[in-house]
Amino acid sequence: MLKKIFQFLFWLFLIVGTIYYAFLNFKNYNPQFQQISKSFLTQIEEVKSEIKNLREKIEKEIVPPIPEVKREIIAPKPLVKVEKEKIEGFLTKEGIIEETNVQREKHGLLPLKENEILNSTAKMKLEDIIEKQYFSHYSPEGEGIGDLMGKTNYEYIVVGENLAMGNFENDKEVVEGWMESHSHRENILNTRYQEIGVAVKQGIFQGKKVWIAVQHFGKPLSACKKPSEEMKSQIEKNIAQLKEMEEKLKSLKEEAEKTKDPQKIQEYNLLVSEYNSLLKETLSMIEEYNFDVKKFNECIEK
């Protein structure tokens, strides 16, 4: 009986040993197994390196915010020319705009385009001056040109105001009077302005009959193309999606390395392909968005 037990154990160990030996030989010498294993390990290292490089790049490509426009107001001291001898002159909105553009063209500048909103803000200013009997860029309540732009929804990068009061003979004399004043001249010849509005009226100011002229200049915000908010939003969504995919890749990688399962390797590689495609697309979008921000900044500074 004992002899049969030893014989059974002998043959059992022999069979188990033979199977184990065959498995080792299969693992070491089977070309297909080696190819899967080697291919997987190589891909893991290559993908890890590529993800690291691309991730470092996207972290460097910081999406800058659209800059807040610093609105600028230029308002030189008002021009006053009240002669003792009464002069029966006549001023017009159209004539002052024309004479202003004559001066600009003399100095090689583009003419200003008449804007109806600026015409209305100039008229609001003029009526306020006559009604409240003050001659300043700010009303007794402290309201200035910036407040008028807000009331009329004129979004601007820079605006300016020239004021004149006196016994002027004609439109040319008013504009020449401004041109003889250094600060008013700079306003008329400002290269940043694109639009103009004017209001003129003869009225009583502190007991005297005088002409009052108001010039409003502006560069509208619409002159500069703002970077796309939709693109910025999509970039942010892509980055969030990339982070989610990175977590899934990490989990798949650990599982694939542990099990050496060809199906898991394939699933991992497919997700890597999707990740790289989205990452490259996002980098391209960031580059385009950054370029638009740069152009916008350059525009608002001109």
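Me: Are Y193 and F217 buried or exposed?
Reply: Quick heads-up: this is a predicted model. Y193 sits in the loop between α7 (182-188) and β5 (195-205), while F217 belongs to strand β6. To count as buried, a residue needs under 20% relative accessible area. Both Y193 and F217 turn out to be buried.

Me: What kind of aromatic pair do Y193 and F217 form?
Reply: Look at the ring planes of Y193 and F217: there's 10° between them, with 5.0 Å centre to centre. Planes under 30 degrees apart count as stacked. So the Y193 and F217 pair gets the label stacked.

Me: How many aromatic pairs does the structure hold?
Reply: Y193 and F217 make up one of them, and F90 and W211 form a pair too. The total for the structure is three.

Me: How are the rings of F90 and W211 arranged?
Reply: Their centres are 5.8 Å apart and their planes sit at 85°. The cut-off to know here is that planes over 60 degrees apart count as edge-to-face. That's why the F90 and W211 pair is edge-to-face.

Me: How many residues apart are F90 and W211 in the chain?
Reply: F90 lies in the loop between β2 (79-81) and α3 (93-106). W211 is in strand β6 (residues 208-220), so the pair links distant parts of the chain. The gap is 121 residues.

Me: Is W211 buried or exposed?
Reply: Its partner F90 has a relative accessible area of 54%, which makes F90 exposed. W211 comes in at 7% relative accessibility, and under 20% is the cut-off to use. So W211 counts as buried.

Me: How are α3 and α6 oriented to each other?
Reply: The axes of α3 and helix α6 (residues 171-180) come within 8 Å and cross at roughly 45°. Angles under 35 degrees would count as roughly parallel, and 65 to 115 as roughly perpendicular. The crossing angle fits neither of those ranges, so α3 and α6 are oblique.

Me: Which residues of α6 make the contact with α3?
Reply: From the α3 side come G95, I96, E99, T100 and Q103. The contact residues divide into five nonpolar, three polar and three charged. On α6, the ones you want are D171, K172, V174, V175, W178 and M179.

Me: How is α8 oriented relative to α9?
Reply: The axes of helix α8 (residues 229-259) and helix α9 (residues 262-301) come within 9 Å and cross at roughly 155°. Angles over 145 degrees count as roughly antiparallel. So α8 is, relative to α9, roughly antiparallel.

Key
Residues numbered from 1 in each chain as written. Predicted model: local features only at pLDDT ≥ 70, side-chain atom pairs only at ≥ 80, totals over all residues. Heavy atoms only, no water. Axes fitted to C-alpha atoms, helices over the stretch in contact; angles between N-to-C directions. Helix = DSSP H or I, 4+ residues; strand = E, 2+ residues; numbered from the N terminus. Phe/Tyr/Trp six-rings, centres within 6.5 Å; stacked < 30°, edge-to-face > 60°. Buried < 20%, exposed > 50% of the residue type's maximum accessible area, 1.4 Å probe, protein only. Contact = heavy atoms within 4.5 Å. Nonpolar A, V, L, I, M, F, W, Y, C, P; charged D, E, K, R; others polar.
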